[in-house]
Every structure is written in C-alpha cells, then in structure tokens.
Amino acid sequence: MVRNIVVLSGSSHPGFVDSVCETLGVSPSSRLLAKFSSGETRCEIRDSVRGKDVYIVQTFGVGPTSSASPPSSASTRSATTADEESRSPPNTVNDYFIELCIMISACKTGSARRVTAVLPLFPYSRQPDLAFSKAGAPLVSMSGTTRQVVGERGPGTGAGRDYTFESVPVTPGASIPRTAGLGSAGVDVAEMMGKVSLGGGNKGTGPPAGGNGTASPVLVPQQQPGTYTTHDYENPGLMIALQAKSGYKQWMAQSGSLVADLLTCAGADRVLTCDLHESAYQGFFDIPVDNLHARPLLQRYIQQHIPNYRDAVIVSPDAGGAKRATAVADELGLAFALIHKERRSPKISYPPKATMMLVGDVAGRVCILVDDLADTANTLTRAAKLLKREGAVQVIALITHGVFSGDAIARINASALDRVVVTNTVAQEAHRAACDKLVVLDISGTFAEAIRRVHHGESISMLFQYD
Ligand SMILES: O=P(O)(O)OC[C@H]1O[C@H](OP(=O)(O)OP(=O)(O)O)[C@H](O)[C@@H]1O
C-alpha cells in the first residue's frame, strides 16, 4: 500500500482508475464531477488533499462508454447532480480537458503538495504547433518560384519573401482592406461563406485574429460535420487552394503549446502519459513529463499469442511510426516493412489523392502492424487491404491508443484486419462489445508502478529495459 497519496479520477475512464488504485492498494478519492445544464463543468474535491501527493487520471478518447458512464460515483452524487447530468450533453475531449484543469486547480487551491496529471492518452498531441509537411518543413505555398510562410509565430513580414527560420508572417489581411466578417478585397464573401468554414485546431469560430503574432483560425473547406481529421493539416494542396481563394495566410493554431501552457497554468507539477504521438511534445512543457511505453506489453503479446512469430513481419502503416515499429522489430529480431502513406497532391485540389506504397516483402507471412493510435482506423484498414493484396496470410494490428471514433469499429469489422490488439488507455468496453476482432490489454499496472515510482522519487526509465 502506498501512503500519503491521493488518486482522483476524471470522468473519462473510471474503470482504469479503479484498476490503478487496486494495484496501488488505495481507494480512489472522493470528488464530485457534473455539468450544469448550461454545459459548464462542476467539480468538488471531497477528500482533503492538504500536503498530499495528488494524481489526477484523465484520458481523452470519446466513445459510447464515456457518455454512458456517470461522471462521478454514486456515493458522491446528489439527486440534484444526477438530474443535472441527465440533462447534460455527453462529454467531449474538450470537456474532459476542462474538467482536468478544474480538478488540478481545485487541488492546488486545496494545498496539495504536488499534482501530477496522469493522461494515458495525451490530448491534442497529434496537432503540431505549425503545419508541417511530411518532409518535416513548415507548409508553404508555392507561388511561382517564391515560397511563402504559411504559419509561424510573430509579427508580420511581407508576403513573397524566402522562408528562413527567422521569418515571421504578415498580419492576415493587413495589406488588403477588409469589408465585413471574413471578406477581403477581391473575395466574394457569399461564395467564401458557402465554401469554407473556420477551423483552427478543432474548428474554432470567429473572425481571424489580427496581427502581432496572434494565432488566427485556419480556413478549411466545408465538409460533413465531424469528418475532419488531423490529416487535413498535412495537406498542402488544401492549404494552397484555400489561400488562393481567401487571400488570407493560413496560420495554424498553436494547440500543442497552448495545451501544455493550460495544464501548467492550472497548476500541474508533473505529467505522466504514454506513447506520445510526438515524443518532442515533452519539450512544450517546463515541468517534468514522463512518457511511458506500451511496447513491453505489446511485445509480450506477440511472443505469447502469435504462433511462429519469428517468421512474422513487423509493418509500420506510415512513415511517421517507422521508428516505433522498428524498435519492436529490432527487439524481437523480426523482419520489417514500411507502408508509405502519400497524401500530397501535385495539383491544387480537394480532396487530395492519397496512395499507399509498401516497402518490404510480406508474401506468405503474418504481418503485425504497429502504430501508436487508431482514430478513424482508416490508416489501419487501408494498410491491411494493401498487405493482403501483397500476399500476407494474416494481418494483426497492435495499437497503444484505440480511440475508434465515428464508424471506426464498423470499418474494422468490414476490413481485411484479422485482429486488432489495443491497450486500455482509452475505455474499450463498448468497442469490444461491437467488435470480435478486438483484443484489449490492460496497461493500468504500468501506470500504477509509474505512480508508485514518482511518489517515491524512483526512476521511471528503469521500468523500460531499453531506455
Ligand atoms: O486511424 P486514423 O484516423 O487513420 O489515424 C491514425 C494515424 O494517425 C496518426 O498518424 P498521423 O497520420 O496523424 O501522423 P504521422 O504521419 O506523424 O504518423 C497515427 O500514428 C496513425 O498512423
């Protein structure tokens, strides 16, 4: 049993917190989480946190489970609160984030000695601060032979200058007289409003902010609600097309550093997370960030549950995850193949043409796709289709974070994937019930051990033999 520790559960994944607490030999502390009918979050910490080492666990997948599970345990809910909850809309990732910030702040003002945000799946980690191309450079528009910076911090410079790392963008529309709202000279406002909507990060609304380095929303074309993915940020064709239409520079919302700042500002002293999409994200913080790995768990699964795994091929479904997948292949001494996801379009058009290319030999072999995250499951299902077409006998996906938003589960059910193995960093009960191909591995023990180590000031990296 770990003493002088407080573990608080956000409303996203209470079952996970129960498992962590069971391993630690403590009970989850009492808190009340609810929403007012206006949608505002209500939070009360009901156990004393004075002088305690506090761990607040919140994750960021949104599935049927999250809306179905009550935001607080029955013992902490009053009749009024339950009534409020029944009228409340289901939680979204953003609700969970605000709830987390309020809980952190409540603990700090309650004189907690230290507050650690435990985030099995880190929010917004797929949204870089700048729009990067797959080649790693900020997205730029090609205007003749001149390159223009699409998004960067700082006050303006003239359009058409060559990009350097000292370059700063012009104030959007500063040199173009604006009429009203979105309109700028030479742009048909009605046409613009019909064809574009505002979207910075998660599609913020309101007019673009002006000047002095203030991030402004990004213009993206009108699609069906909820069909955007972070892939849209990587589509230079889309950005160029929109810039040509709008006359605005496309400035990216700096979601990554904003989320880091908000957590720190709320009072977090430390962050504990797992398989960050970009490990460089840790650099956005000036507090310690411990990035745990699901790799030992996934490797153990391969060794124990895939017969003749030594003849299998580890496959990365995109170049971004190659390092992650090769680490597994190297550790187990397996062959490796790579699928290159090409999203760039040579023309200014939307939607972009996307192709997938396989590098490696998979014919007659079991393929093990390794990735950090499945959201829409497009990447996985398309990769599986390609691998089967190239002669793979079986395709098994090993994923750390199973977000499975929208119709992802239906897509997996209908796909060439034979099995999808995920950890429970995101609640999987509802997904599991709808998908026979899903196998869920419990990673709560890793988090419990990491919490114990942080509490006692022990090394986290020693948890992972290869670190
Ligand atoms: O289930 P989906 O909606 O297809 O999304 C999953 C993919 O998205 C992420 O990579 P992403 O393409 O964002 O970036 P990367 O190229 O940096 O890996 C993740 O690593 C998966 O490969």
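Two rings of Phe, Tyr or Trp count as an aromatic pair here if their centres lie within 6.5 Å, with the six-membered ring standing in for Trp. By this rule, the structure you have open has six aromatic pairs. Keep in mind as you click around that this is a predicted model.

**First stop: Phe-60 and Phe-97.** Select these two and zoom in on the rings. Their centres sit 6.4 Å apart and the planes meet at 50°, so the pair goes down as tilted, since that label covers whatever falls between under 30 degrees (stacked) and over 60 (edge-to-face). Now colour by secondary structure and see where each ring comes from. Phe-60 belongs to the loop between strand 4 (53–57) and helix 2 (64–68), while Phe-97 is in helix 4 (residues 93–109). That makes them 37 residues apart, and the pair links distant parts of the chain. Switch on the surface and you can check that both Phe-60 and Phe-97 are buried.

**Second stop: Phe-122 and Phe-285.** What is the angle between the planes of this pair? It comes to 90°, which makes the pair edge-to-face, with 5.8 Å from centre to centre. Here the two partners are 163 residues apart in the chain. You'll find Phe-122 in the loop between strand 5 (114–119) and strand 6 (140–143). Phe-285 is in another loop, the one between strand 10 (270–274) and strand 11 (289–292).

Are these two rings' residues buried or exposed? Phe-122 has a relative accessibility of 5%, so it counts as buried. Phe-285 has 10%, and is therefore buried too; the cut-off for that word is under 20%.

Before leaving, add Tyr-281 and Phe-284 to your selection: together with Phe-122 and Phe-285 they form one aromatic cluster.

**Third stop: Ser-444.** Jump to helix 13 (residues 444–455), where Ser-444 is found. With a relative accessible area of 2%, Ser-444 is buried. Which residues is Ser-444 in contact with, leaving aside neighbours within four places in sequence? Show Phe-16, Ser-19, Val-20 and Asn-424 as sticks and you have them.

**Last stop: the whole chain.** Zoom out and look at the full fold, with its 13 helices and 18 strands. The chain has 467 residues, and 53% of them count as buried. If you have a contact map handy, take the contacts with a separation of 6 or more: 64% of them join residues 24 or more positions apart. Finally, turn the surface back on: the accessible area comes to about 20100 Å², and 52% of it belongs to carbon and sulfur atoms.

Technical notes:
Residues numbered from 1 in each chain as written. Predicted model: local features only at pLDDT ≥ 70, side-chain atom pairs only at ≥ 80, totals over all residues. Heavy atoms only, no water. Helix = DSSP H or I, 4+ residues; strand = E, 2+ residues; numbered from the N terminus. Buried < 20%, exposed > 50% of the residue type's maximum accessible area, 1.4 Å probe, protein only. Contact = heavy atoms within 4.5 Å. Areas by Shrake-Rupley, 256 points an atom, 1.4 Å probe, with all protein chains shown as cover.
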